[in-house]
Amino acid sequence: MSHHSFENFVNLPCMQEIKDRSVFIHIDVPGHEDNAETFPESYQFPSLQTLGEDLVTVLDTLHVRYVIGLGEGAGANVIARFGLAHPSRTVGLILINCTASALSVKENFKAKFMNWKRQSSLSQSAMDYLVFHKFGHQMVNDTNSDKDQVISEFVTRLQSSLNSANLRLFVNAFLTRKDLNLKDYKQDILLITGVLGSYANVVEKLHRDLDKNKATLIKIERAGDVLSEAPAKMAQSILLFCKGQGLLTSVTLPGIERQRTFSASSTDSDKPRRLSRGMSMEDYDRPNIRRLSLSFHEPIPQSVEK
């Protein structure tokens, strides 16, 4: 998908307080921006490893010092590679339906039925593969009447908003990816998957291989595509993770009274931004948008997602 899928999620009411106190940097992979032109035949689409390593140029251009990485599917794999390549630029990673292994037998089997030659539109087998990858087992197990509408909207975006030839190159890069060794990542990781998702078992396996002191797994029941089916649970998970990093401290959880200020004896030596005495927690969390001017040369911490 393009940045629109995350933009839609961030603009939901359940994300309002988080959005008011964060800056999201939405990143499209090459050729996935709106009205993108088809790459020439000679174009070599970058690997997921190259995409991940090069994300640091976005932060350098915007003078952003470090971020919490947020990605889904292939984007989660790219964000994870960014974290591994540039660990000092991340506070932590939130990875939705992330797979760390190379091409599985099941994926390879499906790929054999897909026509990867350049065409004016996606083949039906390719479309079926992408729908399964996005929504998982809910296609056959979910009887919710909204399911067909959500899938229909997804297919429409694939057919109308994205350049299908460029999309095919990105899918091929995902299918030919190398193994991802997240054991070497030293910051906190939040893994999120839907129980009905096509990669639920793969995400569980990834979690078993990681340090449980650093990696947390959240499985959302009765969901395949967690961003569209369980946005409130997603928002709460993101908030809890950020609070664990000392961020978004002024945003309250249900049933917890808002604490407006720190006491005079509080310290914040580990906080990304220093809190002046008497500053409210809400003011502490609210980002200074003016600092994102490209003429500003002092980097600041913000949030990035892929």
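**View 1. Leu 191 and its partner across the strands.** Leu 191 has Leu 217 of strand S5 as its bridge partner. This is a predicted model, and the pair belongs to a longer run: S4 (residues 188-194) and S5 (residues 215-220) line up in the parallel sense, with 6 bridges between them.

**View 2. How S4 gets to S5.** Pull back a little and helix H11 (residues 200-208) comes into the picture. Together with S4 and S5, H11 makes a β-α-β unit, and the unit is right-handed.

**View 3. The buried side of helix H1.** H1 spans residues 3-10, and its buried residues are His 3, Ser 5, Phe 6, Phe 9 and Val 10. They sit on the same side of H1 because they cover an arc of only 160° around the axis.

**View 4. Stretches to take with a pinch of salt.** Over residues 255-278 the pLDDT stays under 50, and the model gives this stretch 32 contacts beyond four places in sequence. Residues 293-301 also have pLDDT below 50, with 21 contacts in the model beyond near neighbours in sequence. For the chain as a whole, the average pLDDT is 78, and 67% of the residues score at least 70.

**View 5. The whole chain, for context.** Zoomed out, the chain holds 14 helices and 6 strands. It has 306 residues, of which 48% count as buried. About 15,500 Å² is exposed, and carbon and sulfur atoms supply 50% of that area. Take the contacts between residues at least 6 apart in sequence: 74% of them join residues at least 24 apart.

Methods:
Residues are numbered from 1 along each chain as its sequence is written. This is a predicted model: local features need pLDDT of at least 70, side-chain atom pairs count only at pLDDT 80 or more; totals for chains, interfaces and linings use all residues. Side-chain values use heavy atoms; hydrogens and water are left out. Two strands pair if DSSP finds at least two bridges between them. Helices (H or I, at least four residues) and strands (E, at least two) are DSSP runs, numbered from the N terminus. A crossover is right-handed if, with the strands pointing away from the viewer, the path from the first strand over the helix to the second runs clockwise. pLDDT is the predictor's confidence in each residue, from 0 to 100. Contact means heavy atoms within 4.5 Å. Buried means under 20% relative accessible area, exposed over 50%, partly exposed in between (1.4 Å probe, protein chains only). The arc is that of the directions from the helix axis to the C-beta atoms. Accessible areas come from the Shrake-Rupley method with a 1.4 Å probe; for residues, only the protein chains shown count as cover.
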